[in-house]
Amino acid sequence: CNLDGIQLNIGGEEVWFKLVGKFNAYNLLAIYSTAVLLGMDSHETLVKMSMLEAAEGRFFTIQDKKLVVVVDYAHTPGALQNVLETINAVTEKGQEIITVVGCGGDRDKTKRPEMAEIACRLSNRVILTSDNPRTEEPEAILADMEVGVSSAYQSTTLTIVDRHQAIKTAILTAKPNSIVLIAGKGHEKYQDIQGVKHHFDDVEEARKYLNMRT
């Protein structure tokens, strides 16, 4: 398993899939089992499964020669831990993981410090930033997240309110061969601020700043 995909032995056949991570291995096994139980040909099923692409915003990777960016919808503690554990499982020795993450406004406040703690523990560097603040002040949300940043991680954690600047900083300061995770919004194409949905696309932002590195 690596950041390009996963190779599995299913029903005695070796198959390469474009999906990444142990969680997708389970998903693929569920698809295969269901299809075979429904009477589909096992070989044909595997051929079609090998063509599956990642859903938009779900471990969506953007790669150039020097950097890998992962955009993922993870916006709960469990989801963030899963995606970071997946990234850690496929990293090579010396690869740096930088996580850009925030928490939504008008939602459960208790998860905010927990998400910051998970990001710090499973990353080399973390940038806390705005997600969808909705009717809350972004600074207040980030202050709640900062409670989860212990003294051991303060030197490797930044708080940048503006999500544009947070993504820009993560990508432009990343060492060659690093992995940058942009978590929380995934497929969303907007940022909800005080009831107004402003255009914002994490994938678009990532590509813009990757181009600035070349």
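## Contacts, strands and one helix in a predicted model

A polar contact of 2.6 Å joins the side chains of Asp108 and Thr110. A polar contact is a pair of N or O atoms within 3.5 Å; within protein, one must be able to donate a hydrogen and the other to accept it, and residues adjacent in sequence count only if both atoms are side-chain atoms. The model is predicted: local features need pLDDT of at least 70, side-chain atom pairs count only at pLDDT 80 or more, and totals for chains, interfaces and linings use all residues. Residues are numbered from 1 along each chain as its sequence is written, and side-chain values use heavy atoms, with hydrogens and water left out.

**Loop residues**

Asp108 sits in the loop between S5 and helix H4 (111-122). Helices (H or I, at least four residues) and strands (E, at least two) are DSSP runs, numbered from the N terminus. Asp108 is partly exposed, because its relative accessibility is 44%. Buried means under 20% relative accessible area, exposed means over 50%, and partly exposed lies in between (1.4 Å probe, protein chains only). Thr76 is 32 residues from Asp108 in sequence, yet their C-alpha atoms are 9.8 Å apart in space.

Asp106 lies in the loop between S5 and H4. Most residues other than glycine have a negative phi. Asp106 has a positive one, near 60 degrees. Asn177, in the loop between H6 and S8, also has a positive phi, near 75 degrees.

Glu96 is in the loop between helix H3 (77-90) and strand S5 (97-101). Its side chain makes a polar contact of 3.4 Å with the side chain of Ser178. Leaving aside neighbours within four places in sequence, Glu96 is in contact (heavy atoms within 4.5 Å) with Asn124, Arg125, Ala174, Lys175, Ser178 and Ile179.

The table gives the accessibility of these loop residues.

| Residue | Relative accessibility | Class |
|---|---|---|
| Glu96 | 11% | buried |
| Asp106 | 36% | partly exposed |
| Asp108 | 44% | partly exposed |
| Asn177 | 43% | partly exposed |

**Strands**

In a regular strand the side chains alternate between the two faces of the sheet. Strand S1 (residues 6-10) shows such alternation. Ile6, Leu8 and Ile10 point to one face and are buried. Gln7 and Asn9 point to the other face and are not buried.

S1 runs antiparallel to strand S2 (residues 13-17), and five bridges join them. Two strands pair if DSSP finds at least two bridges between them. Gln7 stands opposite Trp16 in S2. S1 and S2 form a hairpin with two residues between them. In that turn, Gly11 has a positive phi of about 60 degrees.

S4 is mostly covered: six of its six residues are buried. Leu67, Val69 and Val71 point one way, while Val68, Val70 and Asp72 point the other way. Which strands pair with S4? S3 pairs with S4 in the antiparallel sense over four bridges. Phe60 has Val71 in S4 as its bridge partner. A hairpin of three residues joins S3 to S4. S8 runs parallel to S4, and six bridges join the two. Here Val70 stands opposite Leu181 in S8.

**Helix H7**

Helix H7 (residues 202-213) has twelve residues. The expected span is 1.5 Å times one less than the number of residues. For H7 that gives 16 Å; the end C-alpha atoms are 17 Å apart, which agrees. At the start of H7, a side-chain oxygen of Asp201 comes within 2.9 Å of the backbone nitrogen of Val203.

Which residues of H7 are buried? They are Asp202, Val203, Glu205, Ala206, Tyr209, Leu210 and Arg213. These cover an arc of only 160 degrees around the axis, so they lie on the same side of H7. The arc is that of the directions from the helix axis to the C-beta atoms. An α-helix has 3.6 residues a turn, so residues three or four places apart point the same way. The buried residues of H7 pack against strand S3 (60-63), strand S4 (67-72), helix H6 (163-172) and strand S8 (178-183).

**Cysteines**

How many disulfides are in the whole structure? A search finds zero. A disulfide is a pair of cysteine sulfur atoms within 2.5 Å. The sulfur of Cys103 is 12 Å from its closest cysteine sulfur, in Cys120, so they are too far for a bond. Cys103 is buried, at 2% relative accessible area. Cys120 is buried too, at 2% relative accessibility.
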